[in-house]
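Q: Please take a close look at the salt bridges of this structure, with particular attention to the place where its chains meet. I would also like to see how the surrounding parts are packed.

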Amino acid sequence: MAGLRIERAPSPVWVRSLIPVFSIFVTFLLVSVLIISAGASPLQAFYELLIAPLTKTSARADILMMATPLILTGVAVTVAFLGGYFNIGAEGQLFAGAIAGAWIGTLVTDLPSTAAIPLMLLGGFLAGMAWALLPALLKVYLSVDEVVTTLLLNSVMLFIVSYLLNGPWRDPVSGWPQSPTIALSGQFPVLIPRSRVHLGLLVALASAGVMWWVLARTRFGLELRAIGKNREGAQFLGIPVRSRVLMAALISGGIAGLAGVSEVGGIHYYLSSTLSNSFGYTGIIVATLGALTMPGAVLAALFLALINRGALSASRELGVPVYLADVIQATLLLVSLSFLLLNRYRIRIRR
Amino acid sequence: MPAVEMRGVTKRFGPLTANDGVNFAVERGEIHALLGENGAGKSTLMKVLYGLYQPDDGEILVDGRAVGFRSPADAIASGIGFVSQHFALVPRFTVAENVMLGHEGGARLNPRQMRAQVMIAAESLNMAIDPNALAGKLSVGEQQRVEILKALKRNCRVLIMDEPTAVLAPQDVEALFAVLRDLQKQGMSVIIITHKLNEVFAVSQRVTVLRLGKVVGEIATEATSPSALAELMVGRQTLAVERNTDHQRQEPVKLEVRDLKLADKRGGLRLRGLSLEVHGGEIVGIAGVAGNGQSELVSVLTGTAVPDSGEVLAHGQPYPLGQPKALPNLKIARIPEDRLKAVISDMSVADNLVLESLDGFTRLGHLGRQQIREHAERMIKDFQIKASPGDLVRTLSGGNIQKIILARSLGQQPEVVIAAQPTRGLDIGATEYVHHKLLEQKERGAAILLISEDLEEILQLSDRILVIFEGRIAGEMSAANADVQRIGALMTGAGG
C-alpha cells in the first residue's frame, strides 16, 4: 500500500542552520503572488524592499533605529523560550518598562544624564520583571499555561496605559492622551549625527551580548537550556527547575521592559499608547527566525527592520500597500515555524 | 473451525523479533489466556491481530477465511474488538454517546433510541450502567465496561482485552470476569492478555504461553498447574555459578529500605510496605514481572518520587527523598530505567557528563569550559565512549548513551548504586560492558541494587535475589540456591 508517512528524523546541523535562509526564500515566493496582484513587479518590489534601503545613508540609519526595540524584544523572547517558558507577553512588559521610564524620566530634572538614564533603564527593567512575575509564579507553582496568561496580560496593560494617558497623566499642556515630556537629562543621546539612532541601540546590543554570555558560559545558562530541552531529564539531574524557569521569565520581562524605556527615552520622550508597533509580538518572530540564538536574534531584528524600512519606499515607488511588511513578517513566522517542524520529521513515501 | 487463527506470524522491529512464527488459535465461545512476561510479545501479537501492525510473515484467518488487515478499521469490520489498557472515551460525553460514537447511523441523532440500545446491551450482560452518566465521572471498572459495550456495538465476535485487570481494584476484577463469562455464553470469544497466573485459572479455558516471541505452550487450563505455567513463562536456565562470594555480607549494610508505601494517582497502592537491605560489596537483584512496583521503587530511590510512608537509609543516614540534587554528594549513583530521561539528548556529551555535578565545574556561576572539556575527554577514554565531547547525545547509540550515564554516576566512586534495567535494549557487547562495570563497583565495595526484568541478568550478577510481587518483596534467596521454578512462582504470585 502506498501512502505518505511522517517519521521523526532530525536533520543534520548544516541543514538546520540554513532554515532561516530557506524560510526567507519561500516567504518571498509566496509574497510575490500578492505583489503581482497589487499590480507591481516582484523583482522591483524586492529591490525596493531589500536593496534600496541599504544604498542610502539615511535609510541605513533608520534601519538601526527600527531594529533597536526588535533586538530587545527578540532577546527577551529568546531567553524565555530557551527555558521552555513561552512568554508571549513581551508587549505588555515593554509597556510596563515604558511607564516606568516615562515616570522616572519626569522626576530626574536635577540629575545629570549619566545618572538619569541608568535610573530609567533600571526602573524599566524592574517594571518589566514585575509585570512578568505573576504569570511566571502561576506557571511554576500551579502549572497555569503561561501562553494564555502572558498574552491576556498584554490587553490588561494596554488598558492601564490608556487609563494613565486619559486620566492622571494626560499632557497638561496639549491635552493629548500622552504623558508629560521627560526631562532633557533623561533623553537618550543620538549616536549618529543627523539620524535618530540613539543610545538604545547600544543597550540592545549589550543585552544581546550579556545574555549570550549568560546562556553559553554560566551555570544558570547551561541549566536553563537543559530544562528547555528536556524538563524531566533536568529534574532527574537535580537541576532546580522552578527557580531557573522563574528567573528566566523575569529576565525576559526585564529585557522587554528595557525596550519600552528605549522607545520613550530615545524616540518619543513621552508615553503614548502608540509607542510600540507590536514590537513585543514581533519579538517572537525575531526569536524564532534567529533560531533562539543571540547573534541570530540581532540579525533577524536587523532583517525585519530592513523589510519595514523597505516597505515604506516600496509603497512610495511602486504603490504597493505599506502593510506588505506586516504580511511578509507574518508569512515569515509561519514558514519558518513549518520548516522548524518539518526539520524534525521527514515525509516518506510508503509502498 | 477456530473463530480466529494466526499461522506462522512473525513481526520484527529493526533487529528485534517480537513475534517469531507464532501459531495461535481461539475457538468460538472460548476465553483464551495469552500468558507471558513483559516483552514476550503478547501485545505485539494482539496488535497484529487488530491491524495496528502488519506482520512481516504469516497469515490471519477469521472463520477460516484468510484476511489481510491494513488498519484496525478492517479488523473491526471482521468482528475483532480490542479493549486497551488506556481507554478511549470522551470524558464529557455520556455513556450512550460514547458507545454510539462513529455508529450514529445517519446524520440526525436519536438520543432516546441511542440510550435504549445501550440499555439493552448492558442488561444482556447484567451490567448496571446509567446511559446518561458522563464517561469522565465513571469509575475505572465502569469505564472498562463502556469500552466492552463499544466493542459489542461494533458487532465484535472476538474481544481482545489487554491486561484488563491491571487498572482494576480487586472487587472490580470479579465483576469483569462475570461480564466475560456472560459474553462467552453468548458465543463470543475472548482473548485476555495477562501475566498473572491466578487470572488464567480464574477465567480461561485454554492458555497460550509466549516467551521471547515464541509460543512455548498451548494447553487446556484444567490440564495444567500454576507451577508448570510459571516454568514455561520464565523458562529453564542454566546458571553461570562462577562468582566470588567470599566477602559477601561481611561489609555493613549500605542501603536500607524500610516499609516503603506509595500510592499512584488513582489511590491504588503501588508499593505496599517494601523493605530490603543491601550490604557493601554485594549485588542484590530484584526479579519480578513489570508493573509490580519496580518503577515506583526506582523512582523513590533515584529521587523523582516521594513515598507516602517508610524510610530509606544510605550508609545509616536518612536518604534525601525527592531531592535528586543531593544524591551525587552522598555517593549514590543512579542508572535509571529510561535513559533518555537521564540525559539531555539535544546537548553535547561534555555538557551531559557534568550536568549532575556542576559544583565542581563552576566558579561564581561561571562555567569552566576548559575543565568541562578535559573531564569529558577523560571520561570518554575511561568508559570507552565512542563519541567526541562536542557530539550531541542524540546522535549516539543506546550503548554509548548508557556509557555516558555510567561515566557520570560511577565516575564519582559511589557507595550505593541503583541500577534499573541497565542493559535494556543494548547489544551484547554493551551489555557485557555494563555488567563488567557493575561487578567492578561491587569489588570496590559498593552496595548495588539491580532491578531488571531480565531474569537471566539477575541470575548472572546477583549475590542475593529478591522477588517483587504487588509492591512487596515476596521472597528471597541466595544466588547459590536460586531455583528458577520458585522464582517464577513467586513472580506470578503463585508461590509463597
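A: In this predicted model, a search of the whole structure gives 31 salt bridges over all chains. One of them pairs the side chain of Lys341(B) with that of Glu232(A), with a nitrogen-to-oxygen distance of 3.4 Å. Glu232(A) belongs to helix α9 of chain A, while Lys341(B) sits in the loop between β16 (332–335) and α10 (349–354) of chain B, so this pair joins two chains. Both partners are partly exposed: Lys341(B) has a relative accessible area of 37%, and Glu232(A) has a relative accessibility of 46%.

A pair within chain B is formed by Arg28(B) and Asp63(B), whose side chains meet in a salt bridge of 3.3 Å, N to O. Arg28(B) is placed in the loop between β2 (16–26) and β3 (31–35), and Asp63(B) in the loop between β4 (57–62) and β5 (65–67), so the salt bridge ties together parts of chain B that are 35 residues apart in sequence. Arg28(B) is partly exposed, at 48% relative accessibility, and Asp63(B) is likewise partly exposed, at 22%.

Another pair lies within a helix. Lys437(B) and Glu440(B) form a salt bridge through their side chains, at 3.3 Å from N to O. These two residues are three places apart in helix α13 of chain B, and about one helical turn therefore separates them. An α-helix has 3.6 residues a turn, so residues three or four places apart point the same way. The two ends of this salt bridge fall into separate accessibility classes: Lys437(B) is buried, with a relative accessible area of 9%, whereas Glu440(B) is partly exposed at 34%. Elsewhere, salt bridges with shared partners link Arg219(A), Glu223(A), Arg244(A) and Asp359(B) into one network.

That network leads to the interface. Chain A contributes 23 residues to the contact and chain B contributes 27. About 2,300 Å² is buried between the two chains, and carbon and sulfur atoms give 64% of this area. Arg219(A), Phe236(A) and Leu237(A) supply 36% of the area that chain A buries against chain B, more than any other three residues. Two salt bridges are found across the interface of chain A and chain B. In one of these, Arg219(A) meets Asp359(B), with the closest N and O atoms 2.7 Å apart. Nine residue pairs are in polar contact across the interface of these chains.

On the chain A side, α7 (199–217), α8 (219–229) and α9 (231–236) each supply at least two of the residues that touch chain B. The largest contribution to this side is from α8(A), with six residues. Sorted by class, the side of chain A that touches chain B has ten nonpolar, five polar and eight charged residues.

Helix α13 of chain B, which spans residues 428–444, also holds Leu439(B). Leu439(B) is partly exposed, at 33% relative accessibility. Apart from neighbours within four places in sequence, Leu439(B) contacts Ile283(B) and Leu461(B).

Chain B also places a lysine, Lys254(B), in strand β11 (residues 253–263). Lys254(B) counts as buried because its relative accessible area, 13%, is under 20%. The side chain of Lys254(B) is in polar contact with that of Glu415(B), at 2.9 Å. A polar atom of the Lys254(B) side chain also lies 2.7 Å from the backbone oxygen of Gly445(B). Beyond four places in sequence, the residues that Lys254(B) touches include Val278(B), His279(B), Leu313(B), His315(B) and Ala447(B).

Helix α15 (residues 484–491) of chain B is mostly covered, as six of its eight residues are buried. Those buried residues are Val484(B), Ile487(B), Gly488(B), Ala489(B), Leu490(B) and Met491(B). Among the elements of chain B that cover them are α8 (226–234), β13 (282–287) and α14 (455–461). Gly493(B) follows α15(B) and has a positive phi, near 75 degrees.

Finally, the nonpolar cores complete the account of packing. The largest nonpolar core has 90 residues, of which Leu49(A), Leu271(A) and Phe303(A) touch the most other members. Beyond four places in sequence, the contacts of Leu49(A) include Phe28(A), Leu306(A), Ile307(A), Leu324(A) and Ile328(A). Another core, of 56 residues, lies apart from the largest one, and its members include Leu355(B), Ile372(B), Ala387(B) and Ala430(B).

Terms used. Residues are numbered from 1 along each chain as its sequence is written. Chains are lettered from A and ligands numbered from 1 in the order in which they are written. This is a predicted model: local features need pLDDT of at least 70, side-chain atom pairs count only at pLDDT 80 or more; totals for chains, interfaces and linings use all residues. Side-chain values use heavy atoms; hydrogens and water are left out. Contact means heavy atoms within 4.5 Å. Buried area is the accessible area (1.4 Å probe) that two parts lose on being put together, summed over both. A salt bridge is a side-chain nitrogen of Lys or Arg within 4 Å of a carboxyl oxygen of Asp or Glu. A polar contact is a pair of N or O atoms within 3.5 Å; within protein, one must be able to donate a hydrogen and the other to accept it, and residues adjacent in sequence count only if both atoms are side-chain atoms. Helices (H or I, at least four residues) and strands (E, at least two) are DSSP runs, numbered from the N terminus. Ala, Val, Leu, Ile, Met, Phe, Trp, Tyr, Cys and Pro count as nonpolar, Asp, Glu, Lys and Arg as charged, and the others, Gly among them, as polar. Buried means under 20% relative accessible area, exposed over 50%, partly exposed in between (1.4 Å probe, protein chains only). A nonpolar core is a set of buried Ala, Val, Leu, Ile, Met, Phe, Trp, Tyr and Cys residues joined through side-chain atoms within 4.5 Å.
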